[in-house]
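Let's take a relaxed walk through a protein model, one piece at a time. Have the structure open as you read, and look for each part as it comes up.

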Amino acid sequence: MNITVGSVEAILVDLPTIRAHQLAMATMQRQTLVIVRLRCSDGVEGIGEATTIGGLSYGDESPEGIKLTIDTYLAPALAGADATNVHGAMHTLAKVARGNRFAKSALETALLDAQAKRLGVPLHTLLGGAVRPTLPALWTLASGDTMRDIEEAERLLAERRHNTFKLKIGRRAVRDDVAHVSAIKRALGDRARVTVDVNQAWNEAEAATGIAMLEAAGIDLVEQPVPREQRAALARLAARFVVPIMADETLCGPEDAVDLARLGAADVFALKIAKSGGIHGMLRTAAVGDAAGIALYGGTMLEGSVGTIAAAHGFCTLPQLAWGTELFGPLLLKDDVVTQRPAYRDFELHLPDGPGLGLMLDEDKLAFYRRDRA
Ligand code: MUC
Ligand code: MG
């Protein structure tokens, strides 16, 4: 008998952050997760997550829009589909909806989680197997205060939780941002790698000035300095500077990867399952980077545990992941909606080893944090 997709529920979950998180385009005091529960006719439930940053300020999909898309269009299209055929189900969704990658990613995760649970294997086994059991994970310093950021980095180094730090810049004048970054790099010295993410905030001239100063300060990498549409400018900056330039917002799926590779617009690709419409889309994007000799990095949309561990199952299958990951999302949240939160030690994220994602929803916490709670 066929095993089919039954009900699909998309739940908005609002969780407080441990401190304000300041990015060029938004200051986060809380994070909104869209948690998906996909129930199948054999009683197996798969879970997934779609999460973005700062409402619509990072990309084209908002949490509320993702829920609407799933409830109105994607869930009805999946009802009755063969739950054991993930590619088939995703192909159906591709015909019903263009774009909407974050929403599709959450559904693909839930389908994969259900199928891996059904087979009794971890999700990465369903993808062909893990090349590495743990993933290096950096931490973002983004309190908005230089001294507080240095203290935070020192504590995390001492705890052996992180030894690479990403700084969020682009809110202030270029010189002020560079002073902030340089002070942190000077304090940490060779004990830590320091990278910056400008989140598209500079024009090309600002980027040229800023990157020259950041390079002189010993910064290891510069992420998305200019707007996502300006790939030619990104290519000129990549050609001009030695410090590696990373593509984030300008890179979603494999088609973007081909274009960026052809332009020579990036030294490193920031892969994210949400941007690529799911784990398989991310793997296809990674394959283009690999073929073009571009280094890879496992990015985050600051997801909670479900989205973070879904990404981790995908990233751990990649043969080449030269820049590690930034899968620290759960650590930025005061609480979560799973029974066991991911483990971080010795500078790495350790994957859970149960079937599927290896996670279970905590029903009490979900009931408490869901936006529509009674
Ligand atoms: C981004 O733009 O890369 C990743 C880490 C963080 O603090 O924000 C994100 C989003
Ligand atoms: Mg980024």
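Two strands count as paired if DSSP finds at least two bridges between them. Keep in mind that this is a predicted model. With that rule in hand, look at strands E4 and E13 (residues 348-350): three bridges join them, and the two run antiparallel. One of the matched pairs is easy to find, as proline 136 has glutamate 348 in E13 as its bridge partner.

**The three-stranded sheet**

E4 and E13 belong to an open sheet of three strands, ordered E4-E13-E12, with antiparallel pairing. At its edges sit strand E4 (134-136) and strand E12 (343-345), each pairing on one side only. From one strand to the next, the twist averages 30°.

What lies across E4, E12 and E13? That's helix H11 (residues 305-315), which runs at about 100° to E13. H11 is mostly covered, with 11 of its 11 residues buried. Among these buried residues are Ser305, Val306, His313 and Phe315.

**The seven-stranded sheet**

Now move on to the other sheet. Strands of a sheet pair through backbone hydrogen bonds, either parallel or antiparallel. Here the pairing is parallel, in an open sheet of seven strands with the order E5-E6-E7-E8-E9-E10-E11. The edge strands are E5 and strand E11 (295-298), and each of them pairs on one side only. The twist in this sheet averages 30° from one strand to the next.

Let's zoom in on strand E6 (residues 164-168). Is E6 largely enclosed or open? Five of its five residues are buried, so E6 is largely enclosed by the rest of the structure. Its side chains take two directions: Thr164, Lys166 and Lys168 point one way, while Phe165 and Leu167 point the other way, and all are buried. Yes, that includes the lysines, Lys166 and Lys168.

E6 has a partner in strand E5 (residues 139-141), joined to E6 by three bridges and running parallel to it. E6 also pairs with E7 in the parallel sense, over five bridges. Here are some residues that face each other across these strands:

| Residue | Stands opposite |
|---|---|
| leucine 141 | leucine 167 in E6 |
| threonine 164 | arginine 193 in E7 |
| lysine 166 | threonine 195 in E7 |

How does the chain cross from E5 to E6? The path goes through helix H5 (residues 146-158), and this β-α-β crossover is right-handed. E6, helix H6 (residues 174-188) and E7 make a right-handed β-α-β unit too.

According to an unreviewed UniProt entry, residues 147-244 are covered by the annotation "domain: Mandelate racemase/muconate lactonizing enzyme C-terminal". Over residues 147-244, the chain is 51% helix and 13% strand, and the C-alpha atoms at the ends are 27 Å apart.

**The magnesium site**

Next, find the magnesium ion (ligand 2). Which residues are its protein donors? They are Asp197 (OD), Glu223 (OE) and Asp248 (OD), lying 2.0 to 2.2 Å from the ion. In sequence, these donor residues are spaced D-x25-E-x24-D. Aspartate 197 is in strand E7 (residues 193-197) and glutamate 223 is in strand E8 (residues 221-223), so to speak a link between distant parts of the chain, 26 residues apart.

Why does aspartate 197 count as buried? Buried means under 20% relative accessible area, and aspartate 197 is at 0% relative accessibility, so it makes the cut. Glutamate 223 counts as buried as well, because its relative accessibility is 0%.

**A last stop at aspartate 256**

Finally, look for aspartate 256, which lies in helix H9 (residues 254-263). Is aspartate 256 buried or exposed? At 18% relative accessibility, aspartate 256 counts as buried. Leaving aside neighbours within four places in sequence, aspartate 256 is in contact with Arg231, Thr250 and Leu251. You can also compare aspartate 256 with threonine 285: the two are 29 residues apart in sequence and 8.2 Å apart in space, C-alpha to C-alpha.

Definitions and conventions:
Residues are numbered from 1 along each chain as its sequence is written. Chains are lettered from A and ligands numbered from 1 in the order in which they are written. This is a predicted model: local features need pLDDT of at least 70, side-chain atom pairs count only at pLDDT 80 or more; totals for chains, interfaces and linings use all residues. Side-chain values use heavy atoms; hydrogens and water are left out. Donors are N, O and S atoms within 2.8 Å of the metal (3.2 Å for Na, K and Ca); water is not among the atoms, so sites may look incomplete. Helices (H or I, at least four residues) and strands (E, at least two) are DSSP runs, numbered from the N terminus. Buried means under 20% relative accessible area, exposed over 50%, partly exposed in between (1.4 Å probe, protein chains only). Axes are lines fitted to C-alpha atoms, for helices over the stretch in contact, and angles run from 0 to 180 degrees between N-to-C directions. Contact means heavy atoms within 4.5 Å. A crossover is right-handed if, with the strands pointing away from the viewer, the path from the first strand over the helix to the second runs clockwise. UniProt positions are given in the numbering used here, feature names are shortened, and annotations may be inferred rather than shown by experiment.
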